[in-house]
Amino acid sequence: ETAAQVFLGIRLQCAKCHNHPFDRWTQSDYYRWTAFFARVDYLIVTNNRPDDNDKHQFDGEQLVVAAPTGEVEDPRTKQPAPPKLLGGPAPALDGAADRLVPLADWIASPRNTMFVQAQVNRIWFHLMGRGLVDPIDDFRATNPAVNPPLLEALSAEFVASGFNVRHLVRIILNSRAYQLTAEPNESNRADELNFSRSQVRRLSAEQMLDALCQVTGSRLPVYGEDDQSRAGQAPGVGAFTRRDRRAKAAGDGEKFLRLFGKPPRLLTCECERATDSTLGQAFQMISGPALNRLLSDPHNRLTQLLAATESPGEMLDELYWAALAREPSPDERQALVAYVERSANWRQALEDVAWGLLNSKEFLLRR
């Protein structure tokens, strides 16, 4: 079910018990597809669960292995279901051969329209805030794309480029659709489907933490003090409770990501990521340990500015370009230069200015 949903944009769950009521997939399709995964097994190396009350709890290390045997039984016939690709043929398989190899070759084939369109739709979603097919992992005849010719054109370009993600992203970013303003007019005020204007969205958890680190010129490790990775490279945040030992070991970076909605990646659905704004997020940005640590770092951008220049105006220009990709307006410059100059502690004044920029809607929101 997970492989079909993530790689092909197909939700097969309904076909497990009966033919899909809104799509073409049957129970036979479900079990013959499942047969490809019948020999996936897990070898538990360690399990450090605190007690035996929950036999399903796992906290340790396990290896994913390919077993030499294993079949999936079709509950209707009580017979092993022979592997068959979704909407495709039944490949010729040797008895002991690894079934995942031909499956992977077929899934990622440029000729596999389902795979190509599902990946293009995900890229469009992350850039535009909504997929051409929505939800992004629910491709079916009864849920068509809002612009089928556009999805087909982008898919053809993606294949022609050799699945070059940068190439596809560049095309979308240079399009008029992406560059439209978020300010509505009379013709598009009520439109949320056809991409006639940009949708205002909060930065994702990873984008926000990486942006905070880039602006301040400091670092907030995600997993331990020795971690050098950016938040966007982190595979997921820990799924644990306050009683769990990992909760005590979590650093400010991991706590920040979890608070702003980065999922633990335990589910297949994109809905696992939280995008709503909360009061806890507001407190984090106002006086949370993550932002305070970045601003007070003795080796950050503010320290470098104070060492390199004596002009408050030049310092403000640097902070504005780093945070908002623009220079301050005349009114902003006049007010903030005066604020810094009359302050007895320029370092503290610059921290206040940086705090204000990082809490501004212009920084926190994509428009």
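Here is a short chat between a student and a tutor about the structure above.

Student: Before we dig in, what kind of model is this, and what pLDDT do local features need?

Tutor: It's a predicted model, where side-chain atom pairs count only at pLDDT 80 or more, totals for chains, interfaces and linings use all residues, and local features need pLDDT of at least 70. Residues are numbered from 1 along each chain as its sequence is written, and side-chain values use heavy atoms, with hydrogens and water left out.

Student: OK, pockets. Which element gives the most to the lining of the largest pocket?

Tutor: A pocket here is, on a 1 Å grid over the protein atoms alone, an open set of points where a 1.4 Å probe fits, with protein on both sides within 12 Å along at least five of seven lines, and lining residues have an atom within 4 Å of a point. The largest one has 47 lining residues, with Phe125, His126, Glu206, Glu270 and Arg273 nearest its centre. Elements giving two or more residues to that lining are α1 (2–8), α4 (113–128), α6 (165–173), β5 (201–202) and α8 (205–216); helices (H or I, at least four residues) and strands (E, at least two) are DSSP runs, numbered from the N terminus. The top contributor, with seven residues, is α4.

Student: And what volume does the largest pocket have?

Tutor: Grid points are joined across faces, edges and corners, and a volume is the space filled by probe spheres set on the points. For the largest pocket that comes to about 1700 Å³.

Student: How many charged residues are in the lining of the largest pocket?

Tutor: Ala, Val, Leu, Ile, Met, Phe, Trp, Tyr, Cys and Pro count as nonpolar, Asp, Glu, Lys and Arg as charged, and the others, Gly among them, as polar. On that split the lining has 23 nonpolar and nine polar residues, and the charged ones number 15.

Student: Now the closed voids. Which residues line the largest cavity?

Tutor: A cavity is a set of grid points where the 1.4 Å probe fits but cannot get out. The whole structure has two of 30 Å³ or more, and the largest has a volume of about 40 Å³. Its lining is Val215, Thr216, Leu295, Asn300, Arg301, Leu302, Leu319 and Ala354.

Student: What lines the second largest cavity?

Tutor: This one has a volume of about 30 Å³. By class its lining has two nonpolar, one polar and three charged residues. The names are Met128, Arg130, Glu192, Phe195, Arg197 and Gln199.

Student: Switching to cysteines: why is the disulfide of Cys269 and Cys271 called right-handed?

Tutor: A disulfide is a pair of cysteine sulfur atoms within 2.5 Å, and the count is one. The sulfur atoms of Cys269 and Cys271 are 2.4 Å apart. The disulfide is right-handed because the torsion about its S-S bond is about 140°.

Student: Why doesn't Cys17 bond with Cys14?

Tutor: Cys14 holds the closest cysteine sulfur to that of Cys17, but it's too far for a bond. The gap between the two sulfurs is 8.7 Å.

Student: Is Cys271 buried or exposed?

Tutor: Buried means under 20% relative accessible area, exposed over 50%, and partly exposed in between (1.4 Å probe, protein chains only). Its disulfide partner Cys269 counts as partly exposed at 22%. Cys271 has a relative accessible area of 58%, so this one is exposed.

Student: What's odd in the backbone, and where is the cis peptide bond?

Tutor: Most residues other than glycine have a negative phi, and most peptide bonds are trans. Phe163, in the loop between α5 and α6, has a positive phi near 60°, and Ala325 also has phi near 60°. The cis bond, with omega near 0°, runs from Asp134 to Pro135.

Student: Last one: which residues does Phe37 touch, leaving out those up to four places away in sequence?

Tutor: Phe37 sits in the loop between α2 (27–34) and β1 (40–47), partly exposed at 29%. Contact means heavy atoms within 4.5 Å. Phe37 touches Ala3, Leu100 and Leu103.
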